[in-house]
Amino acid sequence: MASVSHDPGAQSAPADADALAPQVWPAGARRDEAGRIEIGGLDAVALAGRFGTPLYVVDEADARARARRTRLAFESAAHAAGTDVTVYYAGKAFLSGEVVRWVTGEGLAVDVCTGGELAVALAAGAEPARIGFHGNNKSLAEIARAVEVGVGALIIDSEVEIERVAEAAARAGRRQRVRLRVNSGVHASTHEFLATSHEDQKFGVPLERAVELGNRIRAHASLEFLGLHCHIGSQIFDAEGFAESASRLLAAHAALAAVEPLPELNLGGGFGIAYTSADTPQPIEEIADGIVSAVVEGCRDRGIPIPRLAFEPGRSIIGPAGVTLYTVGTVKPVPVEGGTRRYVSVDGGMSDNARTALYGADYTARVANRASAAEPALSRVVGKHCESGDIVVDVEHLPADTAPGDLLAVAATGAYCWSLASNYNHVPRPPVVAVRDGEARVIVRGESIDDLLARDLGLGASEAASEPDAATAVDDATGTPAATRTTTEGNPA
Ligand code: LLP
């Protein structure tokens with residue numbers, strides 16, 4: 001179990017333990033006259049009553065607005081520089097049919113990184129030509145499938161993948177557009193596990209090899225080389241690291257462009273969001289301007305045309321739009337140095353939000369069913385799992401009268417909570433409800449205990465369900481239908 005790396009004093013007691021800091025909560029969240037939190041025009045108490053807790057709630061208008069605003073920010077910066085841009089939504093943050101429709105409806109393309117994510121994007125109607133396919137270890141089946149459906153770009157992540165993709169494309173009689181993911185060596189200032197572009201990690205090829213491997217890609221008639229790709233990390237608050245990475249990448253881009261035109265440069269995602277009122281990410285417009293300016297400058301210095309740009313934000317689109325509702329079960333005062341910490345146990349935990357345990361992530365919690373005049377008291381929101389690291393919010397100041405039966409709302413859980421959810425301790429995963437203009441819709445149904453039992457062959461579950469799904473999978477060796485997993489034993493593709 002990873003330890004949580006917080007400084008317990010990092011968050012001082014807020015003046016108002018009821019306040020909803022606007023940068024942390026969805027645009028559609030507020031306290032109503034009765035002091036209850038409402039989201040998208042719906043009372044959290046009513047939502048909890050109707051759908052149960054824990055419950056993921058997503059403010060649809062907010063998610064759409066963030067998608068639109070991000071696209072416009074990058075378009076305006078790119079157009080001012082005389083180039084164009086594609087903004088992909090990074091589906092790993094949270095992917096469902098509805099979310100795909102929201103983001104594509106707002107003019108975003110979709111970035112996927114597994115056959116499963118690809119299947120969701122396609123089933124939701126995403127245009128294959130506007131899908132980018134990532135992954136540091138794509139199976140041959142996944143590559144074949146991506147080529148077959150005609151994804152707009154396949155991001156080659158390693159040397160061996162050049163031939164794999166070239167062969168799959170040749171076999172399918174297609175010319176596959178590809179990018180080459182390179183590691184610019186920029187260390188984004190973020191949690192170590194989230195930083196993906198320093199040298200000692202699994203993604204991409206070293207920057208020094210970008211020219212050689214780019215030209216190797218060009219030697220394949222079945223491949224069309226679009227350009228270089230780099231993703232420096234996640235939860236990054238300003239443009240600096242992106243600008244540095246872009247300028248490093250442009251050296252390789254210029255060398256490749258000297259051989260033949262190279263139309264594109266993809267600088268990935270990673271824009272940070274506010275998890276607490278102490279977080280102050282730069283507005284996306286400033287980030288977009290900062291990155292595009294760095295690209296313009298780098299191109300001017302090298303006397304090369306400005307390439308078309310691409311970006312892949314996930315968290316900054318969907319993260320702030322999501323809130324998780326929990327019911328408080330127990331409140332336990334525990335003596336700690338200098339006072340008391342109140343352990344507030346809720347009915348979910350690390351199975352619906354692994355980020356605190358995994359990364360020492362910070363969150364903000366508020367009592368949602370009432371306003372309180374009680375003093376803010378040092379609290380730790382913990383889950384129901386059999387593990388002491390099962391922490392949802394490590395340091396929070398909840399009203400001292402927070403009690404069993406209260407409803408708690410945890411903000412900014414739209415990204416990487418549902419997608420990292422597990423069934424640890426056989427806890428069923430909660431439903432996702434979209435709220436908008438006073439209407440609520442379940443967009444992903446929750447699991448029941450029966451769902452969990454239904455997969456357990458030792459309990460008489462049907463074995464038929466464990467056969468690979470022939471319709472969506474392709475055999476690694478032959479490109480014919482089979483499973484996408486390395487081994488198909490006991491699990492569907
Ligand atoms: N593009 C690529 C190639 C990526 O690897 C990622 C994230 C993104 C785009 C989107 O990054 P975003 O804009 O969402 O930061 N589970 C971690 C985050 C892992 C991010 C992995 N890659 C978390 O919960 O913080």
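This passage goes through the ligand site, the enclosed space and two backbone oddities of a predicted model. Residue numbers start at 1 along each chain as its sequence is written, and side-chain values rest on heavy atoms, with hydrogens and water left out. Because the model is predicted, local features need pLDDT of at least 70 and side-chain atom pairs count only at pLDDT 80 or more, while totals for chains, interfaces and linings use all residues.

Start with the ligand. There are 19 residues around the ligand, where being near means having a heavy atom within 4 Å of it. S234, E312, R355, Y359 and Y416 come nearest. By class, the shell splits into six nonpolar, seven polar and six charged residues (Ala, Val, Leu, Ile, Met, Phe, Trp, Tyr, Cys and Pro count as nonpolar, Asp, Glu, Lys and Arg as charged, and the others, Gly among them, as polar). Domain 1 (30-60 + 320-481) and domain 2 (95-318) each put at least three residues into this shell, with bounds from an automatic or database domain assignment.

Polar contacts here are pairs of N or O atoms within 3.5 Å. An N or O atom in the side chain of R355 sits 2.5 Å from a ligand oxygen, and one in the side chain of Y359 is 2.7 Å from a ligand nitrogen. R315 joins in through its backbone, with an N or O atom 2.8 Å from an oxygen of the ligand. The protein buries 92% of the 580 Å² that the ligand exposes when taken alone (Shrake-Rupley areas, 1.4 Å probe).

Now for the empty space. A cavity is a set of points on a 1 Å grid over the protein atoms alone where a 1.4 Å probe fits but cannot get out, and lining residues have an atom within 4 Å of a point. The count comes to one cavity of 30 Å³ or more, and the largest has a volume of about 70 Å³, taken as the space filled by probe spheres set on the points. Its lining includes F94, I318 and W418, and divides into eight nonpolar, three polar and no charged residues. β4 (55-59) and β14 (322-336) each supply at least two lining residues, with β4 giving the most, at three; strands are DSSP E runs of at least two residues, and helices H or I runs of at least four.

Two backbone details round things off. The T53 to P54 peptide bond is cis, with omega near -5°, and P54 falls in the loop between α1 (44-51) and β4. A412 is not a glycine, yet has a positive phi of about 60°; A412 lies in the loop between β19 (407-411) and β20 (432-436).

How values were computed:
A polar contact is a pair of N or O atoms within 3.5 Å; within protein, one must be able to donate a hydrogen and the other to accept it, and residues adjacent in sequence count only if both atoms are side-chain atoms. On a 1 Å grid over the protein atoms alone, a cavity is a set of points where a 1.4 Å probe fits but cannot get out, and a pocket is an open set with protein on both sides within 12 Å along at least five of seven lines; lining residues have an atom within 4 Å of a point.
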